[in-house]
Amino acid sequence: MKTNHDLRLTVTLRLLDGEGHRRFGPGVAALLAGVREHRSLRAAAASMGMAYSKAWRIVRTAEEALGYKLLSSTVGGRNGGGAALTAEAEALLAAYQALWDQVSAFAQERFQECFRDL
């Protein structure tokens, strides 16, 4: 019998609307976390190897789908501008991360249990 010691589980967590359209997921979460870290959408996009225009499109699409702003931006000036997460974005990201941590841990436990003999 062949054993598959290299089997691993990948879990993706996406939030969908009632019609099945994606509204929030790992890509938007990573982008928002990057904005929180770098205090800039441009820097967050660059850290992900993403074009700034694509990052803006992702944020705008998510904001339209969710019905609220995710970023608060400042333009230029002495400090060069930047971006911060809105209170709603912080709450959404925290809830998503908490759910992801729980789902991921549960899925890994079940995977080990179900596939331990394979």
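Tyr52 lies in helix H3 of this predicted model. With a relative accessible area of 30%, Tyr52 is partly exposed, because that value falls between the 20% limit for buried residues and the 50% limit for exposed ones. The C-alpha atom of Tyr52 is separated by 44 Å from that of Arg116, a residue 64 positions away along the chain.

Helix H3 also holds Ala55. The relative accessibility of Ala55 is 0%, so this residue counts as buried. A second pair of C-alpha atoms gives a view of the surroundings of Ala55: Arg42 is 13 residues away in sequence and 7.8 Å away in space. Arg42 falls within the range of helix H2, which runs over residues 41–47.

The largest pocket brings helix H3 together with other elements of the chain. This pocket encloses about 250 Å³ of space. Its lining is made by 14 residues, and those closest to the centre are Arg22, Arg23, Phe24, Gly25 and Val28. Three elements each give two or more residues to this lining: strand E2 (22–24), helix H1 (26–38) and helix H3 (52–66). Which element gives the most to the lining? Helix H3 does, with four residues. In terms of residue class, the lining consists of eight nonpolar, three polar and three charged residues.

Arg23, one of the residues closest to the pocket centre, leads on to the salt bridges. The structure holds four of these. In one of them Arg23 is paired with Asp17, and their closest N and O atoms are 2.6 Å apart. Arg23 has a relative accessibility of 27% and therefore counts as partly exposed. Asp17 is likewise assigned as partly exposed, because its relative accessible area is 23%.

Another salt bridge joins Arg36 to Glu90, with 2.7 Å between the closest N and O atoms. Why does this pair tie together parts that are 54 residues apart in sequence? Arg36 lies in helix H1 whereas Glu90 lies in helix H4, so the contact links these two helices. Arg36 is partly exposed, with a relative accessible area of 41%, and Glu90 is partly exposed at 30%.

A further salt bridge is found within a single helix. Arg110 is bridged to Glu113, the closest N and O atoms being 2.7 Å apart. Both residues lie in helix H4, and the three residues of separation correspond to about one turn of the helix. The relative accessible area of Arg110 is 35%, so Arg110 is partly exposed. For Glu113 the value is 43%, and this residue is also partly exposed.

Helix H4 spans residues 87–115, and Leu118 is found in the segment that follows this helix. Leu118 contributes to a nonpolar surface patch of about 260 Å², which is made together with Leu7 and Phe115. Leu118 is partly exposed, with a relative accessible area of 47%. That value is over the 30% that a residue needs to be part of a patch, so Leu118 can be included.

Arg8 is found in the segment before strand E1 (15–16). Is Arg8 buried or exposed? Its relative accessibility is 67%, so Arg8 counts as exposed. Between Arg8 and Ala30 there are 22 Å in space, C-alpha to C-alpha, and the two residues are 22 residues apart in sequence.

The last residue to consider is set apart by its backbone. Arg39 is found in the loop between helix H1 and helix H2. Most residues other than glycine have a negative phi. The phi of Arg39, in contrast, is near 60 degrees, a positive value in a residue that is not glycine. Arg39 is exposed, because its relative accessible area of 63% is over the 50% limit.

How values were computed
Residues are numbered from 1 along each chain as its sequence is written. This is a predicted model: local features need pLDDT of at least 70, side-chain atom pairs count only at pLDDT 80 or more; totals for chains, interfaces and linings use all residues. Side-chain values use heavy atoms; hydrogens and water are left out. On a 1 Å grid over the protein atoms alone, a cavity is a set of points where a 1.4 Å probe fits but cannot get out, and a pocket is an open set with protein on both sides within 12 Å along at least five of seven lines; lining residues have an atom within 4 Å of a point. Grid points are joined across faces, edges and corners, and a volume is the space filled by probe spheres set on the points. Ala, Val, Leu, Ile, Met, Phe, Trp, Tyr, Cys and Pro count as nonpolar, Asp, Glu, Lys and Arg as charged, and the others, Gly among them, as polar. Patches are made of residues with over 30% relative accessible area and no salt bridge: like charges are joined within 9 Å, nonpolar side chains (Val, Leu, Ile, Met, Phe, Trp, Tyr) within 5 Å. Accessible areas come from the Shrake-Rupley method with a 1.4 Å probe; for residues, only the protein chains shown count as cover. A salt bridge is a side-chain nitrogen of Lys or Arg within 4 Å of a carboxyl oxygen of Asp or Glu. Buried means under 20% relative accessible area, exposed over 50%, partly exposed in between (1.4 Å probe, protein chains only).
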